[in-house]
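Colleague: Got a minute to go through this one with me? I'd like to see how each answer is reached.

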Amino acid sequence: MTQLYLILILVAVVFVTLAAILKRYRRCPSDKILVIYGKTGRNSSGSISSARCVHGGAAFIWPVFQDYAFLDLKPISIECNLTNALSKQNIRVDVPCRFTVGISTEPENMTNAAERLLGLSVDSIQSIATDILFGQLRLVIATMDIEEINADRDKFLANVSANVEAELRKIGLKLINVNVTDIRDESGYIEALGKEAAAKAINDAKKSVAEQNRFGETGKANADKDTRINVAAADADAVKGENTAKIEIANSDALRRQKTAEADRLAVAAEKVQAAKALQEAYQSERDAELARAEREEATQKANIVVAAQIDKEKAIIEAEAEAEQIRRKAKGEADAIYAKMDAQARGMLEILTKQADGFRSLVGAAEGDAQKAVLMMIADKLPDLVKTQVEAVKGINIDKVTVWDGGNSADGKTATSNFISGMMKSIPPLDDLFKMAGMELPSYLKGKAAADEQPAKEEK
């Protein structure tokens, strides 16, 4: 019994394993590409392959190491209504087209599709392809004239196919079909070309009819001439046999000749009239053709000169506005810099004056509210600098050579040289004079004894 259970368990394990293996064996439909990604080995060039694509057939998907997805090969129809595309002649045209694209089944292109389109919806693929188609279509139109685009459709489609196919191949797509419905331009140039061709065909037909009429009239006149000549020959043969009617025959012959000449004159005149009419119609046709060509040349010159001048004008306006905006921004930046600098200087000056005012206020407070004492304290603090300034006044004098004439006479024991030096020192303002110029009085303890004794004497007077 135990062996039977073991056999059943073994069979069940084998069955489950076989079912799992069969489930990982995937078949690829004909309208899809099976993309196997994960650990797929190396490609033909020796580098690690990002995916392995299978079109048709089947492949085994290793569990854990690999997974799979499908790319749909159904064609995608894309409508590209290109408007205002600039041609080689600088004429804007509208080229409505419909492209049919699909994922390529070439090995290299399938790999590109697996790398760039796997997992995208049809709308996303259509959007990417539309951007490529619009860009390449504009590029092709920019390299061709209007006449080539309108008249030589095979060349236009060949250029579009060549450019578009190369770009679509980069994302794994291929171009199936291109259908250009109609080509229009905003200036009416194509319509003018059609009118010119129609007018030329009508003029050629009229000219052909006139030539055929002329040939018919000429042939009829020649036939009448031959008939009359044959009749005349028969009459002449008859006259030869009729000796008795020579006079009547001669008169009849003269009358016949007169009428023959008149008929010939009428025939020649008719020929000239028809020839003149044919030439007139031909000249009229040529005149119409030249007028149409002149209108086309005028349109071409306008497109080549006026449009280019308009573009240059708009370019100059844009450059002028850009330069003006740059100047305005530069001036605004300089003004902001000056304002910031002046504002910083003003703030610094305000801070200095505020600190000085706080210092003066503290100094007056230290002098118990007496401003005079506060000033004296400041002067006492600056006294060494004042004395130094007085000394520097004499020190800075550059005396290269001094000649003093001394006669030998002296008063109070002073010579002329000592008097010169004393006078030079007296030229420096004393401290007392400096204080008086400032509206203040030097303290007595700074004046010296003589000055202190002299001051009360002045006050008594």
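Modeller: Sure, one bit of vocabulary before we start: a helix here is a DSSP run of H or I with at least four residues, and helices are numbered from the N terminus. Keep in mind that this is a predicted model.

Colleague: Then which helix holds both Glu351 and Lys355?

Modeller: The two side chains form a salt bridge, with the closest N and O atoms 3.8 Å apart, and the cut-off for that is 4 Å. Glu351 is partly exposed at a relative accessible area of 44%, while Lys355 is exposed at 53%. They sit four residues apart, about one turn of the helix, and the helix they both lie in is H7.

Colleague: How far apart are N and O in the salt bridge between Glu262 and Arg265?

Modeller: Those two are also in H7, which covers residues 246-366, and three residues separate them, about one turn of the helix. Glu262 is partly exposed at 36% relative accessibility, and Arg265 is partly exposed too, at 49%. Their side chains meet in a salt bridge with an N to O distance of 2.2 Å.

Colleague: And how many salt bridges turn up in the whole structure?

Modeller: Lys170 and Glu167 make one, with their closest N and O atoms 3.4 Å apart. There's also a network of salt bridges that links Glu325, Arg328 and Arg329. Searching the whole structure gives a count of 14.

Colleague: On to the cysteines: how many disulfides are there?

Modeller: The sulfurs would have to be within 2.5 Å. For Cys28, the closest cysteine sulfur is in Cys53 at 9.6 Å, so that pair is too far apart for a bond. Cys97 has its closest one in Cys80 at 7.1 Å, again too far for a bond. The disulfide count comes to zero.

Colleague: Is Cys97 buried or exposed?

Modeller: Buried means under 20% relative accessible area. Cys28 meets that at 9%. Cys97 has a relative accessible area of 2%, so it counts as buried.

Colleague: Which strand pairs with S6 over nine bridges?

Modeller: S6 takes in residues 76-86, and its partner takes in residues 92-103. The two form a hairpin with five residues between them, and Asn90 in the turn has a positive phi of about 60°. Glu79 stands opposite Arg98 of the partner strand. The pairing runs in the antiparallel sense, and the partner is S7.

Colleague: Now the inside: which helix gives the largest share of the largest nonpolar core?

Modeller: That core has 43 residues, and the ones with the most contacts inside it are Phe99, Ile141, Phe156 and Leu168. Seven of its residues come from a helix spanning residues 122-142, and that helix is H3.

Colleague: How many residues does the other core have, the one that includes Cys28 and Val54?

Modeller: This other core lies apart from the largest one. Ile36 and Ile61 are among its members as well, and its residue count is six.

Colleague: Zooming out, what percentage of the protein chain's residues are buried?

Modeller: The chain's secondary structure comes to twelve helices and nine strands. Its accessible surface is about 32700 Å², with 57% of that belonging to carbon and sulfur atoms. Out of 461 residues, the buried share is 19%.

Technical notes. Residues numbered from 1 in each chain as written. Predicted model: local features only at pLDDT ≥ 70, side-chain atom pairs only at ≥ 80, totals over all residues. Heavy atoms only, no water. Pairing = 2+ DSSP bridges. Core = buried A, V, L, I, M, F, W, Y, C linked by side-chain atoms within 4.5 Å. Buried < 20%, exposed > 50% of the residue type's maximum accessible area, 1.4 Å probe, protein only. Areas by Shrake-Rupley, 256 points an atom, 1.4 Å probe, with all protein chains shown as cover.
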